[in-house]
Amino acid sequence: MARSRWIAAVLSPALITTAIAAAVFTIPQTASAAPVTYQSEDATISQGVVESNHNGYTGSGFVNFDNLTGSYVEYTVNAAAAGSHSLVFRYANGTTANRPVNVTVNGTPAVSGLGFPGTGAWTNWQNVTTNVDLVAGTNTIRTTATTSNGGPNADSLIVDVAGTEPPPGPGDTPVARHGQLKVCGTKLCNERGQVVQLRGMSTHGIQWYSQCIKTASLDALANDWKADILRVAMYIQEGGYESNPRRFTDMMHGYIEEATKRGMYVLVDWHQLSPGDPNYNTSRAKTFFTEIAQRHKDKKNIIYDIANEPNGVSWANVKRYAEEMIPVIRAQDPDGVVFVGTHGWSTFGISDGQNETSVFNNPINASNFMYTFHFYAASHGQNYLDALRRIADRVPVFVTEFGTQTASGDGGNNFSMSDRYIALMAEKQIGWTNWNFSDDNRTGAVFNTGTCAGNNFAGTGVLKQAGVWVREKIRAGR
Ligand code: GCU
């Protein structure tokens, strides 16, 4: 939650039934065909050479495109089924100029101007991901340089040969369909290597609005809203975790079980806000995340967010905290995806009058993590939208909080600006959770005041305007 939105909402916390009893739930096995790697040196090359003089490539080398428009590499790949498949291009570009290529599939243009930005060094290999339609059986995928610089050095193409699953049937859930997530290049992928965009809701602070997170509301979120993910906002100060670590840790255990029963992903949100330097809470965070990760490490639906909104703190200090915390989580849960907030209330510094280059130039030294970005559409206009586009092209990013109103979570909604953000997030497959799933009096709380006292949460009758809008955006995905 951005800027001092917490102050007004002090309600006496209702006790929640945490139902921590070991959850007995079955996740149907997904048909899994591992992604297949096609080495560029084995592909058909026109105006390019195979080289091996820059370390870090896989296979026996990489293709150095000739520096001219029209040089290409063409891969012959096999798909198990017709439909959408993700392509992950592993590459290096030791220059600072983007080297876009056009992608054709079986001779037909599929993606134009797919960007391959600089990776900092020819020995620094990164991934670019896109989705294309393939036919069942043999396909040719050609990448052709569109500038006189030629293409990047091309190491390999990783294809999710299984393709998109058929539409969900009854009993299907997001976790059953996607399983254990992992970060693939700049995107989030499911356990079959397909890019996934998760959409869902964030709770309000659980010290104030636990009465809104109960059986009926979670059933509505999973079944009526068709959400993929629940973000549980556990404040540290402001009457949260710090005031009673045992109680708040047990609440989080309970919510994780509730999300798991419903087949939703759950984002464990360490909602530090004030103080804004996450290092202030490092020892508390270590205690909390060690217990959470130890207990839930075998589940496939946990994502750890270790810093909600760093503020009044430099990027270097946020990075230092992240590099201390990520190994603590990984020691318990080696394949758990971790999210890290950015300086300037998770705006990559934009809210501090900086820009995203502080992060780009000094990235977190870890793997399988995403940075987070927050925006409020009635306060944050074109410059934030443009920044999010640039960020998503460079690094993995998830929008763990946004609202259709102002940064206070209140005031008039700007739905047209919000629609533009939704379109960008769909285009770039950026996952999101919206603020917030409560009946607080502000415009950003989706339920009408008083709703949480009852047991009727489904449909639009109980929703404020922002709720009607966001429910529709989540449902549109399923
Ligand atoms: C350098 C580099 C090559 C690269 C080339 C280019 O010569 O060593 O690996 O392909 O620049 O700019 O394309």
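**Notebook: helix pairs, disulfides and unusual backbone spots**

I began with the crossing of H9 and H10, which is right-handed. I keep in mind throughout that this is a predicted model.

**Entry 1, H9 and H10.** Helix H9 covers residues 415-427, and its axis lies 12 Å from that of H10, at an angle of about 20 degrees. Because angles under 35 degrees count as roughly parallel, I noted H9 as roughly parallel to H10. I then looked up which residues meet: Phe415, Ser418, Asp419 and Ile422 on the H9 side, and Gln465, Ala466, Trp469 and Lys473 on the H10 side. Sorted by class, this contact of H9 with H10 has four nonpolar, two polar and two charged residues.

**Entry 2, H4 and H5.** I turned next to helix H4 (residues 282-296) and helix H5 (residues 315-332), whose axes come within 8 Å and cross at roughly 25 degrees. I wrote this pair down as roughly parallel too, and the crossing of H4 and H5 is right-handed. From H4, the residues in the contact are Thr282, Ala285, Lys286, Phe289, Thr290, Ala293 and Gln294, and they meet Tyr321, Glu324, Met325, Val328, Ile329 and Gln332 of H5. The residues of this contact of H4 with H5 divide into seven nonpolar, four polar and two charged.

**Entry 3, the disulfides.** I reminded myself that a disulfide is a covalent bond between the sulfur atoms of two cysteines. How many disulfides does the structure hold? I found two, and, counting bonded cysteines along the chain, their pattern is 1-2, 3-4.

One disulfide joins Cys184 to Cys189, with 2.0 Å from S to S, and its 80 degrees about the S-S bond make the link right-handed. Are these two cysteines buried or exposed? Cys184 is buried, with a relative accessible area of 9%, and Cys189 is buried as well, at 0%.

The other disulfide joins Cys212 to Cys452, again with 2.0 Å from S to S. This pair links distant parts of the chain, 240 residues apart: Cys212 sits in the loop between strand S14 (199-202) and helix H2 (215-224), while Cys452 sits in the loop between strand S21 (432-435) and helix H10 (465-475). The torsion about the S-S bond of Cys212 and Cys452 is about 105 degrees, so I recorded this disulfide as right-handed. Cys212 is buried at 0% relative accessible area, and Cys452 is buried at 2%.

**Entry 4, cis peptide bonds.** Before looking at the backbone, I noted that most residues other than glycine have a negative phi, and most peptide bonds are trans. Between Ser274 and Pro275 I found a cis peptide bond, with omega of about 10 degrees, and Pro275 lies in the loop between strand S16 (265-271) and H4. The peptide bond from Trp435 to Asn436 is also cis, with omega near 10 degrees. I placed Asn436 in the loop between S21 and H10, the loop that also holds Cys452.

**Entry 5, positive phi.** Glu238 is not a glycine, yet its phi is positive, at about 55 degrees. Glu238 belongs to the loop between strand S15 (229-235) and helix H3 (245-261), and is buried because its relative accessible area of 15% is under the 20% cut-off. Gln429 likewise has a positive phi, near 60 degrees, in a residue other than glycine. I found Gln429 in the loop between H9 and S21, where, at 23% relative accessibility, Gln429 counts as partly exposed.

Technical notes
Residues numbered from 1 in each chain as written. Predicted model: local features only at pLDDT ≥ 70, side-chain atom pairs only at ≥ 80, totals over all residues. Heavy atoms only, no water. Disulfide = S-S within 2.5 Å. Buried < 20%, exposed > 50% of the residue type's maximum accessible area, 1.4 Å probe, protein only. Axes fitted to C-alpha atoms, helices over the stretch in contact; angles between N-to-C directions. Parallel < 35°, antiparallel > 145°, perpendicular 65-115°, else oblique. Left-handed = near helix turned anticlockwise from the far one by under 90°. Contact = heavy atoms within 4.5 Å. Nonpolar A, V, L, I, M, F, W, Y, C, P; charged D, E, K, R; others polar.
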